[in-house]
Amino acid sequence: MWPPSNLALSVALSVALTAALPPPRPATPALNPIIANGSSVAVPYMGEAFLFCWVAEPTRQVQWRDPSNAPLPAWSPTASRYHLGSGKHLPHAYLLFRDFRQEHEGVYTCVARGGAGQEGRASVTLTLAGPSVPRP
């Protein structure tokens with residue numbers, strides 16, 4: 001058994017060293033994109049749709065993908081569907097449709113990427129509201 005003076009010194013050193021250690025670092029947060037419009041949206045034939053996806057955690061990039069998992073193009077005057085605001089370091093992205101048609105139906109995915117390589121996804125199903133107009 002240690003003499004009382006050595007035991008007191010040992011306890012005091014242990015407490016001092018423990019108090020001097022920095023707190024443990026939290027694990028890298030998961031990215032959880034949120035689509036403000038919900039998980040299903042019906043759009044009228046030749047109507048417009050505006051979808052909004054945001055991420056509360058710090059992100060490197062937020063991007064919309066089409067039903068084939070391809071990135072959607074940026075705005076163009078002739079595009080019937082495009083994304084806005086998905087540049088680097090923005091915590092949100094918009095997906096816009098102009099002249100919504102049957103070929104635009106499907107599951108669109110908002111993908112968020114973080115600096116540590118983590119990725120989060122959220123999806124929304126877009127359907128044509130009301131009776132469908134036949135394709136030519």
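These are legends for several close-up views of a predicted model.

**View 1. Here is the mixed sheet, built from 4 strands.** The strands line up in the order β2-β8-β7-β4 in an open sheet, and their pairing is mixed. On the edges sit β2 (40-44) and β4 (61-65), and each of them pairs on one side only. Going from one strand to the next, the twist averages 25 degrees.

**View 2. Zooming in on β7 and β8, we get an antiparallel pair joined by 8 bridges.** Strand β7 covers residues 106-113, while strand β8 covers residues 119-129. If you want a spot to get your bearings, try Thr109: its bridge partner in β8 is Ser123.

**View 3. The other sheet shown here is antiparallel, again with 4 strands.** Its order is β1-β3-β6-β5, and it is open. At the edges stand β1 (34-35) and β5 (81-84); each has a single partner strand, so one side of each is left without a neighbour in the sheet. Look at β5 and β6 and you'll find them running antiparallel, with 4 bridges between them. In that part of the sheet, His83 stands opposite Leu95 in β6.

**View 4. This one shows the largest nonpolar core, a set of 22 residues.** The members that touch the most other members are Leu51, Trp64, Phe97, Tyr108 and Leu126. Two or more core residues come from each of β2, β3 (49-54), β4, β6 (92-97), β7 and β8. Of these, β8 gives the largest share, with 4 residues.

**View 5. Now for the disulfide, which joins Cys53 to Cys110.** A search of the whole structure turns up 1 disulfide, and the sulfur atoms of Cys53 and Cys110 are 1.9 Å apart. The link is left-handed, with -85 degrees about the S-S bond. It ties together distant parts of the chain: Cys53 belongs to strand β3 and Cys110 to strand β7, 57 residues apart. Both Cys53 and Cys110 are buried.

**View 6. Trp54 takes centre stage here, sitting in strand β3.** With a relative accessible area of 32%, Trp54 is partly exposed, because that class runs between the 20% cut-off for buried and the 50% cut-off for exposed. Leaving out residues up to four places away in sequence, Trp54 touches Asn32, Pro33, Ile34, Pro91 and His92. Take His92 from that list: it is 38 residues from Trp54 in sequence, yet the C-alpha to C-alpha distance is 4.1 Å.

**View 7. Asp66 is the residue to look at in the loop between β4 and β5.** Is Asp66 buried or exposed? Its relative accessibility is 10%, so Asp66 counts as buried, since buried means under 20%. Setting aside residues up to four places away in sequence, Asp66 touches Leu72, Arg81, Val107 and Tyr108. Tyr108 also turns up in View 4, among the core residues that touch the most other members.

**View 8. Three aromatic residues, Phe50, Phe52 and Tyr94, are linked into a cluster by ring pairs.** The model has 4 aromatic pairs in total, and two of them are described here. In the pair of Phe50 and Tyr94, the ring centres are 5.2 Å apart and the planes stand at 35 degrees, so the pair is tilted. This pair links distant parts of the chain, with Phe50 in strand β3 and Tyr94 in strand β6, 44 residues apart. Phe50 is partly exposed at 47% relative accessibility, and Tyr94 is partly exposed at 25%. For Phe52 and Tyr94, the centres are 5.1 Å apart and the planes are again at 35 degrees, so this pair is tilted too. Phe52 is in strand β3 and Tyr94 in strand β6, 42 residues apart, and this pair likewise links distant parts of the chain. Phe52 counts as partly exposed, at 23% relative accessibility.

Notes. Residues numbered from 1 in each chain as written. Predicted model: local features only at pLDDT ≥ 70, side-chain atom pairs only at ≥ 80, totals over all residues. Heavy atoms only, no water. Pairing = 2+ DSSP bridges. Axes fitted to C-alpha atoms, helices over the stretch in contact; angles between N-to-C directions. Core = buried A, V, L, I, M, F, W, Y, C linked by side-chain atoms within 4.5 Å. Buried < 20%, exposed > 50% of the residue type's maximum accessible area, 1.4 Å probe, protein only. Disulfide = S-S within 2.5 Å. Contact = heavy atoms within 4.5 Å. Phe/Tyr/Trp six-rings, centres within 6.5 Å; stacked < 30°, edge-to-face > 60°.
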